[in-house]
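User: Hi, I'm new to this one. Can you walk me through it?
Analyst: Sure, let's take a look.

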Amino acid sequence: MIRRLRYNEIDFVKYSRCLEKSEQKKYSATKDFLDTTSEKQWEILVYNDYEAVMPVPFVKKYGIKIVHNPKLCQQLGVFSPKDDIQLNEAFLHFLEKNYLIRAYPLNDCNQLQTKLRLKKNFLLYPDSYEKVYARYSPKRKRKLRLDDEVVKNSEIKTISYEEAKLFIENNMIGLSKENDLPDFMRIFEASYHLNYLKFSAFFYHHKIINIIATYSDCNMVALLGTFNDKDYVKISGASALIDTIIRETIETHIFDFEGGELPNIEEFFRGFRPELKPYAIIENSKKDLLKKFGYFLISGKLL
C-alpha cells in the first residue's frame, strides 16, 4: 500500500536505509540534499514499511501546494531494492492522482510503461583513470594539452565558498540574477558548510578564470556548476578542472555531469565519452495546472 507522509511524519532512519539499499540510489534524494535545496518543503510517498519511497518536493503559491523539483535537484523518482515497473507505475499513478505537478523528474533507473518526455544526462562509471582518459575524444585530449606558457603560469586549487562567491556571481549565465541567483548561492553555501560541496579553481597568472562546483555523496560526484571568465575560454581551464576531479575520484565514484540538454553543453560533456543516461520527467503547463486545480477543488482531492 502506498501512503503519503508529511515531513514531520517521516522516519528518516528508515527512509535513509531504503535509499541506501535501493538500486536507484541518488545523492539528490538524500535528506540533507533535499532539506537544503527545498528548504525542508518536501514529503514522501512510501510503500508498506519503507520497502520503497518517493520523495516529493513542493512549492507553495497562494497557499496551494505544487510539486516542483528544487533548483540543482536533477533526479528523484522511486527508490526500491529492485527497480519494478509495476511498482513505479503505482507510485506514478498515486502522485498524479493526488498532487498538482508542475515538474517532477524520475531517475534514470526507473522503468515505466507510461510514456513521458526524456531528458539527457551523462555519467562516467568507476574505472581506472587511465582507461577513462583513453576513451576521451581526440578533441578533448587536445584541449587538455595546455600550452607551455599556460602550464608555467597556472595552477588548480581547492578554494572556499567565500573565495568562490564573487567569481560565481559575476560569471553565472542563463539565470535571473534577481530571482535565481540568491537561491543558487544559498544552496552552494549551505552544501559547502555541510562538507558536500567542493569548489575547484583554475588560476592563470594568480587570477581565477574558471571554477567548478562538485557535490559528493552516495558514491557519486556531481558537477553542479561550471563558471568561466569568457575572456579566457581558449585556455580550456574548465576541461582541466573536470579532468582533475575525474582523475581524483573515478576509481571509486560515479561522475555525474548533471545535464546535457543544450547542444553546446552536450557536445562539451560528450568529449569525456560518458554514457548517455536519460531520465523521464512529468511536466504540466500552467494552463493544465489550473484545469487540474479546478477538478481537485470539486472532488476534494487537493492534498
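**Sheets, cores and cysteines**

Analyst: One open sheet is built from 7 strands, in the order E8-E9-E10-E11-E12-E7-E13, with mixed pairing. Keep in mind that this is a predicted model.

User: Which are the edge strands there?
Analyst: Strand E8 (154–159) and strand E13 (275–276). Each of them pairs on one side only.

User: How do E9 and E10 pair?
Analyst: Antiparallel, over 8 bridges. E9 covers residues 197–204 and E10 covers residues 207–217. Lys 198 stands opposite Thr 214 in E10.

User: Which helix packs on that sheet?
Analyst: Helix H7, residues 161–171. H7 touches E8, E9, E10 and strand E11 (220–228). The direction of H7 makes about 110° with that of E10.

User: Now the other sheet. What's the strand order?
Analyst: E1-E2-E3-E4-E5-E14-E6. Those 7 strands form an open sheet, and the pairing is mixed.

User: Why do E1 and E6 have a side without a neighbour?
Analyst: Strand E1 (2–5) and strand E6 (117–119) stand at the edges of the sheet. Each has a single partner strand, so one side of each is left without a neighbour in the sheet.

User: What's the average twist from one strand to the next?
Analyst: The twist averages 35°.

User: Let's go strand by strand. How many bridges for E1 and E2?
Analyst: 4 bridges, in the antiparallel sense. E2 spans residues 42–47. Leu 5 stands opposite Ile 44 in E2.

User: Which helix packs on this sheet and touches E2?
Analyst: Helix H1, residues 12–21. H1 touches strand E3 (52–61) as well as E2. The direction of H1 makes about 115° with that of E3.

User: And how many bridges join E2 to E3?
Analyst: 6 bridges, and the two strands run antiparallel. Ile 44 comes up again here: its bridge partner in E3 is Pro 55. The hairpin of E2 and E3 has 4 residues between the strands. Asn 48 takes a positive phi near 50° in that hairpin.

User: Is E3 mostly covered or mostly open?
Analyst: Mostly covered. Of the 10 residues in E3, 7 are buried.

User: What joins E3 to E4?
Analyst: 4 bridges, with the strands running antiparallel. The bridge partner of Phe 58 in E4 is Val 67. The hairpin of E3 and E4 has 2 residues between the strands. There, Tyr 62 takes a positive phi near 55°.

User: In which sense do E4 and E5 pair, parallel or antiparallel?
Analyst: Parallel, over 3 bridges. E4 runs over residues 64–68. Ile 66 has Leu 100 as its bridge partner in E5. From E4, the chain crosses through helix H3 (residues 85–98) to E5. That β-α-β crossover is right-handed.

User: Why call E5 largely enclosed?
Analyst: Because 5 of the 6 residues of E5 (residues 100–105) are buried, E5 is largely enclosed by the rest of the structure.

User: What about E5 and E14, how do they pair?
Analyst: In the antiparallel sense, over 3 bridges. E14 covers residues 279–283. Tyr 104 stands opposite Ile 282 in E14.

User: New topic: cores. How many residues are in the largest nonpolar core?
Analyst: 66 residues. Phe 188 and Phe 199 have the most contacts inside this core. In soluble globular proteins, nonpolar side chains tend to be buried together.

User: What does Phe 199 touch?
Analyst: Its contacts include Ile 159, Tyr 161, Ile 168, Phe 188, Tyr 192 and Ile 211, not counting residues up to four places away in sequence. Polar residues also appear in the list, among them Lys 157, Thr 158 and Ser 160. Apart from the largest core lies another, of 24 residues. Among its members are Phe 202, Tyr 204, Ile 235 and Phe 257.

User: Last thing: how many disulfides?
Analyst: The structure holds 0 disulfides. For Cys 73, the nearest cysteine sulfur is that of Cys 218, 12 Å away. A disulfide needs the two sulfurs within 2.5 Å, so a pair at that separation does not count.

User: Is Cys 73 buried or exposed?
Analyst: Buried, at 2% relative accessibility. Cys 218 is buried too, with a relative accessible area of 15%. The cut-off for buried is under 20%.

How values were computed. Residues are numbered from 1 along each chain as its sequence is written. This is a predicted model: local features need pLDDT of at least 70, side-chain atom pairs count only at pLDDT 80 or more; totals for chains, interfaces and linings use all residues. Side-chain values use heavy atoms; hydrogens and water are left out. Buried means under 20% relative accessible area, exposed over 50%, partly exposed in between (1.4 Å probe, protein chains only). Two strands pair if DSSP finds at least two bridges between them. Axes are lines fitted to C-alpha atoms, for helices over the stretch in contact, and angles run from 0 to 180 degrees between N-to-C directions. Contact means heavy atoms within 4.5 Å. A crossover is right-handed if, with the strands pointing away from the viewer, the path from the first strand over the helix to the second runs clockwise. A nonpolar core is a set of buried Ala, Val, Leu, Ile, Met, Phe, Trp, Tyr and Cys residues joined through side-chain atoms within 4.5 Å.
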